[in-house]
Amino acid sequence: MTRQDCEGLDLQLTAYQDGELDQVAVAAIEEHLKSCPGCAARIERERRMKALLERHLTPITAPVGLRDRVQAAVRQREAAPARRPPIAWSWVAVAAALVLAVFGGREWGRSSAPAGAVSPAEQLVTAHIRSLQLDHLTDVPSSEHHTVRPWFDGKLDFAPPVPVLDSAGFALVGGRLDYLLDRPLAAIVYRRRQHLINLFLWPDSRPPTPAASESARGYNLVHGVAGAFSYWAVSDLNAAELADFAGRIRRELEGSAR
Amino acid sequence: MGRLVLGPEKLAHFESVLLPHLDAAYGLARYLMRDDHDAEDVVQDAYLRAVRHFEGFRGGDGRAWLLAIVRRTCYTQLKRRRDGPTVAVFDDQPDPAIDPVDVLEMAEQERLRETLSQAVAALPVEFREVVVLRDLEGLSYKEISSVVGVPIGTVMSRLARGRRRLHAAIPIGERERE
């Protein structure tokens, strides 16, 4: 065969290795390989590269928790009642039953009984998920700090700070009252890309404690005591960015206490 | 039909068909985005898109169908970030520098894996996606053609060129040539 034939075959050698050529093309290549040391060497290299890739290109495993987060996001979308009330409400019931089944109804609802043995992290993750699933993310949906902050007046026995973090890439979504850990508290909601963050705040006169991170059921949490407040940030956002968020919140709390 | 909410039965179907391919989805996203966090965001976003388009899923194993959505989501994100897929890098531009390593002397498999992953990650995106779909995910040329939306002949030539670039980065068979 001529040099031109070799060039024509060039791109087919890979497909030949992958067993993706039809019989006619395979026969033509094998005939050519008998008489062409150049192409024979090339196909040997192809074979080695393919073997190398098959053996050593390590399958990538999704990070722990991603499955739960994806599932929660999918179900959350399903539960959005605004889109199709008749269908969605039935699904809300399913979601509610699910939460009740999983947590034994221990702290279901806004005026729940004492939480017993469920850890604060578990309770707050449940509250976070519930805020997404029941389309009750905010009582006061507003990106305006000046709207959200006064809204809490008279509804709580404390005035929660509502830090402005737009410039850091955390947009304010709104505020909500919640009743958790046996007390009313403020939930302030922020958004980073498509990730929602629930920031739970209540007064705490204990001395400051350093920020601590943990995770529960695929969600990340950062919490601490600073500036006479307890704060908990809960989100499906990755741990590093959530820590950044919580660090900014903490500095705001410390600043407002001074 | 065409409704936005699947309902519990279809949701269960959706989850049983598509959640098993989470690793494949993440693998493709990880190679296309080249960033762990972005890959996670893309996968989550892709599954939400998949919910919206699930009426259009015509059965089968769901993997190629999902990967096509993951790929589109990656491209949308990359475009948004403006460092997205460069369109005109099909030919003979020098590859990003990777230290040539004689794999025959590489004792540690771990290092080989790393070198290989880096070489794949350094490929221009058109070549990278076909190499990942073929050599990591094990799709047939026909499936790749439907995921990427190009004819099989194009899959063939991109794969050949992609692997050739890998040869350049990891010169196996060096000794035979001498």
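**Exercise 1. Contacts along chain A**

In this predicted model, find what share of the contacts in chain A with a separation of 6 or more comes from residues 24 or more positions apart.

*Solution.* Start with the contacts in chain A whose separation is 6 or more, then keep those between residues 24 or more positions apart: they account for 54%. Next, add the background: chain A has 258 residues, of which 34% count as buried. Its secondary structure consists of nine helices and seven strands.

**Exercise 2. A hairpin in chain A**

Work out in which sense, parallel or antiparallel, strands S5 and S6 of chain A pair.

*Solution.* Locate the two strands: S5 covers residues 209-216 and S6 covers residues 219-226. Their pairing is antiparallel, over six bridges. To check one bridge, take A:Thr209, whose partner in S6(A) is A:Val225. Now look at the link: two residues separate S5(A) from S6(A) in this hairpin. In the turn, A:Arg217 has a positive phi of about 50°.

**Exercise 3. The nonpolar cores**

Identify which residues of the largest nonpolar core touch the most other members, and say which helix gives this core its largest share.

*Solution.* Among the 59 residues of the core, the ones to pick are B:Ala25, B:Leu28, B:Ala29, B:Val43 and B:Val70. The largest share is eight residues, from helix H2 of chain B (residues 22-33). Then zoom in on B:Val70: leaving out residues up to four places away in sequence, B:Val70 touches B:Ala25, B:Leu28, B:Ala29, B:Val42, B:Val43 and B:Ala46. Finally, another core of 40 residues lies apart from this one, and includes A:Ala127, A:Val148, A:Leu181 and A:Val234.

Definitions and conventions:
Residues numbered from 1 in each chain as written. Chains lettered and ligands numbered in written order. Predicted model: local features only at pLDDT ≥ 70, side-chain atom pairs only at ≥ 80, totals over all residues. Core = buried A, V, L, I, M, F, W, Y, C linked by C-beta atoms within 7 Å. Buried ≥ 20, exposed ≤ 12 C-beta atoms within 10 Å, placed from the backbone. Helix = DSSP H or I, 4+ residues; strand = E, 2+ residues; numbered from the N terminus. Contact = placed C-beta atoms within 7 Å. Pairing = 2+ DSSP bridges.
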